[in-house]
Amino acid sequence: MNHSAAVKPDYGIDAPAVLRNLFLFGGLCLVLGIVLPPVLHLGPVKLITRPTFLWPAFFLLLEGCLYLLYVKVGKFHHRDFILSLHNWRGDEQILDVGCGRGLLLAGAAKRLNAGGHATGIDIWSAEDLSGNAEAATQQNLELEGVAARCTLVSQSAAEMPFPDASFDVVVSNLCLHNIYEKSARMAALGHIARVLRPGGVAVLSDYKKTGEYASELRRLGLQVEKKRKGMLTTFPPLVVVVAQKPL
Ligand SMILES: C[S@@+](CC[C@H](N)C(=O)[O-])C[C@H]1O[C@@H](n2cnc3c(N)ncnc32)[C@H](O)[C@@H]1O
């Protein structure tokens, strides 16, 4: 990909293989439902082809369209919702866990003044986000005009190198479920609680495992509540865990 040719920030497609498979299998079911004869005899089995293929086609293609809507439109609204859950002063130290191509990172950095700073940590997995690379994120930050207020760190969230109590706000969207081993996810949550300042807040959004994040952060002494904005505005529906570290 030629990053120097981009003139607008590009935040990529989340889990691109999932989107491809929804359209691929949905399209295949649609074609089979249309071209096959209404009844197929496979040995002793009588297959009624229309409902067998057209219902899955409908659901797979609907999910594909909702997913595409999230990627192209919904994720910008969801970013604004996440960032609206904090009352911004402007001088905060921010951490975006699994920042990808900088969606939340750039959005948070735009709310900062000269005293604030935003740090993004990621392992740049292209399976989780198309075109994911530190250079692509750096370019988005430059195009958004916030590069001077941001730092990128290439490391796993399970091994965060930051000192204790060094961030006022930790944000994360669709990252933590990608850490498949439970012990590593717990380590990442432990680091999030550790690097937050007393009085600081973590806002963690994901489509699964949010119950686990909430109970682990509660166990670590944070005050936790869950929020969601409407099941149709994000697909898959995203839940936001808001965890405050006591003063
Ligand atoms: C679906 S993308 C979301 C990116 C960004 N938060 C957004 O909303 O656009 C998930 C991100 O989590 C990152 N990620 C996965 N495992 C990680 C880990 N162990 N540590 C840090 N980042 C990780 C991936 O590289 C990817 O950038």
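# Cysteines and a ligand in a predicted model

Student: How many disulfides does the count come to?

Tutor: Keep in mind that this is a predicted model. A disulfide is a covalent bond between the sulfur atoms of two cysteines, and to be counted the two sulfurs must lie within 2.5 Å. For Cys29, the closest cysteine sulfur is the one in Cys65, 15 Å off, so that's too far for a bond. By this rule, the count is zero.

Student: OK, and is Cys29 buried or exposed?

Tutor: Look at its relative accessibility, and remember that buried means under 20%. Cys29 comes in at 15%, so this cysteine counts as buried.

Student: What does Cys65 count as, then?

Tutor: Here the cut-offs help again: exposed means over 50%, and buried means under 20%. Cys65 has 45% relative accessibility, so the label it gets is partly exposed.

Student: Let's move to the ligand. Where does the ligand sit?

Tutor: Start with how the protein wraps up its contacts. A polar side-chain atom of Asn173 is 2.9 Å from a ligand oxygen atom. On its own the ligand has 590 Å² of accessible area, and the protein covers 97% of that. As for the place, the ligand sits in the largest pocket.

Student: Which residue has a backbone N or O atom 2.8 Å from a nitrogen atom of the ligand?

Tutor: There are 19 residues around the ligand, and the ones that come nearest are Gly98, Asp122, Ser125, Asn132 and Ala157. Trp124 also has a polar backbone atom 3.5 Å from the ligand, but its partner there is an oxygen atom. The backbone atom lying 2.8 Å from a ligand nitrogen belongs to Gly98.

Student: How many charged residues are in the shell around the ligand?

Tutor: Sort the shell by class. Eight of its residues are nonpolar and eight are polar. That leaves the charged class, with three.

How values were computed: Residues are numbered from 1 along each chain as its sequence is written. This is a predicted model: local features need pLDDT of at least 70, side-chain atom pairs count only at pLDDT 80 or more; totals for chains, interfaces and linings use all residues. Side-chain values use heavy atoms; hydrogens and water are left out. Buried means under 20% relative accessible area, exposed over 50%, partly exposed in between (1.4 Å probe, protein chains only). A residue is near a molecule or strand if one of its heavy atoms lies within 4 Å of it. A polar contact is a pair of N or O atoms within 3.5 Å; within protein, one must be able to donate a hydrogen and the other to accept it, and residues adjacent in sequence count only if both atoms are side-chain atoms. Accessible areas come from the Shrake-Rupley method with a 1.4 Å probe; for residues, only the protein chains shown count as cover. On a 1 Å grid over the protein atoms alone, a cavity is a set of points where a 1.4 Å probe fits but cannot get out, and a pocket is an open set with protein on both sides within 12 Å along at least five of seven lines; lining residues have an atom within 4 Å of a point. A molecule sits in a cavity or pocket if more than half of its atoms lie within 2 Å of its grid points. Ala, Val, Leu, Ile, Met, Phe, Trp, Tyr, Cys and Pro count as nonpolar, Asp, Glu, Lys and Arg as charged, and the others, Gly among them, as polar.
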